[in-house]
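Dear colleague,

Please find the structure below, followed by a summary of what was found in it. I should be grateful if you would read the two together.

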Protein chains: 2
Amino acid sequence: MDKDISQAVIGRLPRYLRYLGELKDKNVERISSSELSVLMKVTASQIRQDLNNFGGFGQQGYGYNVDYLYSEISKILGLEHQYNFIIIGAGNLGKALGGYLNFEKRGFILKGMFDKDPALIGTEVRDVKVMPMDDLPAFIRSNDIDIAVLTIPKEGAVLVAKVLVENGIKAIWNFAHVDLDVPEYVQVENVHLSDSLMKLSYNISSYMENNK
Amino acid sequence: MDKDISQAVIGRLPRYLRYLGELKDKNVERISSSELSVLMKVTASQIRQDLNNFGGFGQQGYGYNVDYLYSEISKILGLEHQYNFIIIGAGNLGKALGGYLNFEKRGFILKGMFDKDPALIGTEVRDVKVMPMDDLPAFIRSNDIDIAVLTIPKEGAVLVAKVLVENGIKAIWNFAHVDLDVPEYVQVENVHLSDSLMKLSYNISSYMENNK
DNA sequence: AGATTTCTGTTAAATTCTTGTCAATTACAG
DNA sequence: CTGTAATTGACAAGAATTTAACAGAAATCT
């Protein structure tokens, strides 16, 4: 159906959604691309171009209806679906992600947590119990799990990803510092925190270089 | 000194560094752009082009020396510096980041943690005590803090960022779900986790659309 | 030592992404 | 109800990024 939309465009949609959400909260009814461009510090042209990848949501002389645009972008992002997810790795990061109530609001439902550490098994995050890794395959199958969040060290991640794929996971949100090799029908989104920190490091030291 | 290197290139350097680190661990001495391109699933051309932004690290007929290239990229990324950092927000995410020993290895030294919740004050992460927010300004100044990690809800983040800037912070690693407005001499790296999750959601639902 | 292969750095071409422009449509004021 | 201002969607122009091509330098083979 869709031709393909570049990941650059997709990457900007959540930010549009965030600003539109704020406008909704302020009961703003309509907004033009140029007003929005000032708020968001991007060009109006880019906003119009991005939105037009998905069809015309605005109206000449009027602009965009905030509520309508918000809901259209939500749909594009697939946020009207409900996704069941599990977290593998019940350390601080796993617990942090499991505790975010906002994810639930967006339709991401935490169904289970797993860890190999016996000390953590049985502990809870928001009524969800941490289970042993052995239970993982059966759990995915019988609970219709769509997404697995990988918050374990890179050593185990590749193997766990294999198990996930074998049991029919649709997507992996990968916080392990390693590239996963999965079939193309499994979606992977990497969050490599140390990469992000290194970028910051580059920008600090490059700024210092240029201004000393 | 440097002309400006695009953020796209910078964003790829940490990944090069990761692969080179793995090669180092395997005692691989040299590698050509085309071998590396196979490992990393990018074009050899891109690797050569990226590296040449910073000067010629390779040699015709030989390729790149792994150790040398690793250390050059480390330098480019500013990883030979040492950075003092603090974490603001001692929830699970803050604790997770504070606990990463790998950051220390890269030269990022955790000097303090802060939270407004009295229940958390005095608790520790790796010998580092959580302090009350009131102590923040003085602490930054007297401990030569370079980087602040913001792991607090968006409501407080804008205000805290203001305080950070006033007290001379150089960079902010921002996990709060809001765009910070800071002077251009303060480097900001955003990690918007829910944006990342939405991208994943888009890719899941777009894949399903195209393959039903 | 000379011939052959490997492989970089660099330039050129192709592609993708971003920005600017403007006709056409709609809203709104008088 | 008509004229003016606002604003989109589409397209064109301009930038930036990525990929390809290749001359020439170094390594390796015989």
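A polar contact here is a pair of N or O atoms within 3.5 Å; within protein, one atom must be able to donate a hydrogen and the other to accept it, and residues adjacent in sequence count only if both atoms are side-chain atoms. On the DNA side, a polar backbone atom of A:Gly58 is 3.0 Å from a phosphate oxygen of DNA strand D. The backbone of A:Phe57 also places an N or O atom 3.3 Å from a phosphate oxygen of this strand, and the side chain of A:Asn52 has an N or O atom 3.1 Å from a phosphate oxygen of DNA strand D.

The model is predicted: local features need pLDDT of at least 70 and side-chain atom pairs count only at pLDDT 80 or more, while totals for chains, interfaces and linings use all residues. Residues are numbered from 1 along each chain as its sequence is written, chains are lettered from A and ligands numbered from 1 in the order in which they are written, and side-chain values use heavy atoms, with hydrogens and water left out.

In total, 27 residues surround DNA strand D (a heavy atom within 4 Å of the strand). The closest are A:Ser33, A:Tyr64, B:Arg12, B:Ser45 and B:Gln49. Of the atoms of DNA strand D that come within 4 Å of the protein, 62% belong to sugar and phosphate. Helix H3 of chain B gives the largest share of this surface, four residues; helices (H or I, at least four residues) and strands (E, at least two) are DSSP runs, numbered from the N terminus.

Turning to the protein interface, chain A and chain B each contribute 61 residues to the contact (heavy atoms within 4.5 Å). The two chains bury about 5,700 Å² between them, 63% of it on carbon and sulfur atoms; buried area is the accessible area (1.4 Å probe) that two parts lose on being put together, summed over both. In chain A, the residues that lose the most area to chain B are A:Arg18, A:Met198 and A:Tyr202, together 13% of what that side buries.

There are eight salt bridges between chain A and chain B, a salt bridge being a side-chain nitrogen of Lys or Arg within 4 Å of a carboxyl oxygen of Asp or Glu. One of them joins A:Lys199 to B:Glu189, with the closest N and O atoms 3.5 Å apart. Polar contacts across this interface link 26 residue pairs, both residues at pLDDT 80 or more. Helix H9 of chain A gives the most to the side of chain A that touches chain B, with 17 residues.

Yours sincerely
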